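I opened this entry to go through the model and write down what I looked up. The order is the order in which I looked.

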Amino acid sequence: MPDLTLYFPITDPTLIFFVVLLIILTAPIVMGKLRIPHIIGMVLAGVAVGKYGFNILVRDDSFELFGKVGLYYIMFLAALEMDTEGVKKSAGRFALFGTLTFAAPFLLTYAMASLLLGYSTTASLLLGCIMASNTLIAYPIVSRYGLQRKPSVALSVGSSMISLLMALVVLAALVASHNGQSGALFWLWFAAKFAVYCAGLALLIPKLTRWFLRRYSDAVMQFIFVLSMLFMSAALSEAIGLEGIFGAFLSGLILNRYIPHVSPLMNRIEFIGNALFIPYFLIGVGMLINVRLAFTDSDVLIIALAVMFFGTAGKAIAAYLSAFLFRLPLSTSGGMMFGLTSAHAAGTIAMVMVGMRLPTADGTPLVSDQMLNGVVMMILLTCIISTIVTEQAAQQITLRDKEMPQDSGHDDEKILIPMKYPEYATHLVNLAMMVRNPKLGRSLVGLSVVYDDDDMRKNQERGQRLLENMQQYASAADVKMQTQVRVAANIANGIKHAFKEFRASEIIIGMHMHKEVSAKFWGEFHQSLFNGLNRQIIMARLKQPLSTIRRIEVAVPSRAQFEPGFYRWLERVARLSVNLECRTVFHARTDTLSLISDYLHNRHHEMRAEYMPMNHWNELPDLAASIADDHLFIVVAARKGTVSYKNALEHLPEEITAHFSGKNIIILFPDQHGDPMDEMTFAQPQHQEERSAYVALKEWVTKQLRLDTRH
């Protein structure tokens, strides 16, 4: 029988990569059968195949490279998926939880190390720094459950960065003190470097990103650009004396608003990280863990258990105390905060390595072999605790959300997108993905209508290629799209017939990209379209990618709240604003603004909305001065004969040409199907008085309009 040990450990890079891929493929399957979080499976697989396990793989340079990328990726994704507006509103909470989750484990671990283990002051402080920081190793669990924007998750991510920064500052002080450089000049220089670093990235990255995304739409180029910003930030962070993971997190925060959560780019970033880099990092962490020491050296096990117990107890105290102070549910939110902030991984190894380079008075390293192995053993224990607690909390939060009352009523949302020009189609599809309701999981409908003429065959093939490309583009964001190429003698009639066949609820269609919007164009095509359909129509002229829009201005006519589609278009604008994470300003009469404010406060409290009174529609041209090239101007129009229609809307094409040429514009014709009071906001029993008042007011307005028409 051949000696199999001759073939192990595997050193061939191709075979190493093959085995790692097998682990990434099979670990979730096996762990799923055992009802154990997948992340533990990755770490345990690393233990098994490493030199301290069955010695199947050599931990070559690929684990160093991909492992570091994976660690950066975890921090980068956590920052990308944060609700930055919620962070701004809850800055005090972040500061308090960040301070607690640093101070509690730091003080407990320091006291334990100096009093129970008998370590020196410097070694005890180093252990305190290690346990005060943490790695968001369980964050992929949160992503899998779709809980990234829960308050407890956002608090955990933000506090992790605060505690990490504090730990790194204390570590820098330890190293400087050991080298005799801890004077005032050292700290002034460190603070100056840190301030210049943060300010430089905050100014440079947004300008570079807007410039790049406006000029290059290629998917591969955009992905490489984002990774370049990530690693540039990480490298500069290491250059000023901080760990690269801080730079990775900071770059994610800065890029947050330029990478919408429903975009194909975000989908690609998450896919590559979760499929390769993050599992590689977890397996690499497992390969560092020597489980045998727990059975051969009792001191190592004692150190590991002591450090784990006191450090984890500190994290638990900070998490549950913060949840209590913030009036969050202790069992779910408190558990989530504890689970996410209790794990330690590669960042811990990096800090230990720093300690190993610091000699004591007798020349021996500050970190002994027993301390090193105890810390590595602690990594395994805290990773297991973190993933189990986070998994349980995520399941409880998901079950709690399912038990909450859902929106009443039937949402017939299905968006039809007529497309003709390839260079503009991606803008329309992006807009549709931004305003759709992802919870419904419904597909978009891509349509190409061609004339029945001599060029019909050629135009059919061209339209089919365009729709196939857009179908692939939408699928990159996990959005399905139905397509149809339609032959018609009249384009508007072809769109209307397709609208009825697909039972669509609204249309998103492009406007002319020329500087002038001709009244003839308005009259012949769009007039036919929105007169023939009483559903919502969104006409868009977008000069740049939506992700680079900095502000949205919305002009709303008087009596718009009496239109049946009032809450439908308001919901679409709110989704767009939330996905773009930009400020939105509504211009309308005070009574209309009051209803808009109430709706957004109840349904989209995270939205950054402002309200500016506009007493007369003639004030519309005055808004032109406040709208920059990277703003989006939305005009809520009205069909002739409807409640909110006014004669001034007849001059809208001329006003757009005269005052808004070159701007990003959406003209929105509200839905005339149904009743605005049928929406969920006013369908609850507590709103019956509002409904009765609305019905009476609507009857009065209708009567006045009839009198105005007669006279």
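**Entry 1. Largest cavity.** I listed the lining of the largest cavity and found Leu431, Val435, Ile538, Arg572, Val573, Leu576, Ile634, Ile666 and Leu668. The elements that give two or more residues to this lining are helix H18 (422-435), helix H22 (566-580) and strand E10 (664-669). H22 gives the most, with three residues. I noted for the record that the model is a predicted one.

I then took the volume of the largest cavity, which comes to about 60 Å³. Sorted by class, the lining of the largest cavity has eight nonpolar residues, no polar residue and one charged residue. Arginine counts as charged, so Arg572 is the charged member of this lining.

**Entry 2. Other cavities.** How many cavities of 30 Å³ or more does the structure hold? I counted four. The second largest cavity contains about 40 Å³ of space. Its lining consists of Glu413, Lys414, Ile415, Arg436, Arg442, Ser443 and Leu444. I classed the residues lining the second largest cavity as two nonpolar, one polar and four charged.

**Entry 3. Salt bridges.** I searched the whole structure and got 18 salt bridges. I wrote down three pairs and one network.

I began with Arg214 and Asp630, whose closest N and O atoms are 3.9 Å apart. This pair links distant parts of the chain, 416 residues apart, with Arg214 in helix H9 (residues 184-215) and Asp630 in the loop between strand E8 (609-613) and strand E9 (631-636). The distance falls within the 4 Å cut-off, so the pair is counted as a salt bridge. Are the two partners buried or exposed? Arg214 has a relative accessible area of 36%, so I entered it as partly exposed. Asp630 has a relative accessibility of 10% and therefore counts as buried.

Next I took Arg486 and Glu501, a salt bridge with the closest N and O atoms 2.7 Å apart. Arg486 is in strand E3 (residues 481-488) and Glu501 in helix H20 (residues 491-501), with their positions 15 residues apart in the chain. Arg486 counts as buried because its relative accessibility is 15%, which is under the 20% limit.

The third pair was Lys663 and Asp629, where the closest N and O atoms are 3.3 Å apart. Lys663 sits in the loop between H24 and E10, and Asp629 in the loop between E8 and E9, so that the pair links parts of the chain 34 residues apart. I found Lys663 buried, at 14% relative accessibility.

I also looked for salt bridges that share partners, and these join Asp412, Glu413, Glu506, Arg535, Arg568, Glu571, Arg572, Arg575 and Asp671 into one network. Two of these names were already in my cavity entries: Arg572 lines the largest cavity, and Glu413 lines the second largest cavity.

**Entry 4. Gly662.** I placed Gly662 in the loop between helix H24 (652-659) and E10. With a relative accessible area of 32%, Gly662 is partly exposed. I took its C-alpha distance to Ala628 and got 9.7 Å, for a separation of 34 residues in sequence.

**Entry 5. Backbone angles.** Most residues other than glycine have a negative phi, so I looked for exceptions. I noted Arg503, with a positive phi of about 55°. Arg503 lies in the loop between H20 and strand E4 (506-510), and at 72% relative accessibility it counts as exposed.

I also noted Arg559, which is not a glycine and has a positive phi of about 65°. Arg559 belongs to the loop between strand E6 (551-555) and H22. Its relative accessible area is 28%, so I entered Arg559 as partly exposed.

**Entry 6. Nonpolar surface patch.** Which residues form a nonpolar patch on the surface? I listed Leu15, Phe18, Leu22, Leu25, Ile29, Val30, Leu34 and Ile36, with about 720 Å² of accessible area together. I checked one of them, Leu22, and placed it in helix H1 (residues 13-33). Leu22 is partly exposed, with a relative accessible area of 37%. That value is over the 30% required of patch residues, so Leu22 passes this part of the test.

Note on methods
Residues are numbered from 1 along each chain as its sequence is written. This is a predicted model: local features need pLDDT of at least 70, side-chain atom pairs count only at pLDDT 80 or more; totals for chains, interfaces and linings use all residues. Side-chain values use heavy atoms; hydrogens and water are left out. On a 1 Å grid over the protein atoms alone, a cavity is a set of points where a 1.4 Å probe fits but cannot get out, and a pocket is an open set with protein on both sides within 12 Å along at least five of seven lines; lining residues have an atom within 4 Å of a point. Grid points are joined across faces, edges and corners, and a volume is the space filled by probe spheres set on the points. Helices (H or I, at least four residues) and strands (E, at least two) are DSSP runs, numbered from the N terminus. Patches are made of residues with over 30% relative accessible area and no salt bridge: like charges are joined within 9 Å, nonpolar side chains (Val, Leu, Ile, Met, Phe, Trp, Tyr) within 5 Å. Accessible areas come from the Shrake-Rupley method with a 1.4 Å probe; for residues, only the protein chains shown count as cover. A salt bridge is a side-chain nitrogen of Lys or Arg within 4 Å of a carboxyl oxygen of Asp or Glu. Buried means under 20% relative accessible area, exposed over 50%, partly exposed in between (1.4 Å probe, protein chains only).
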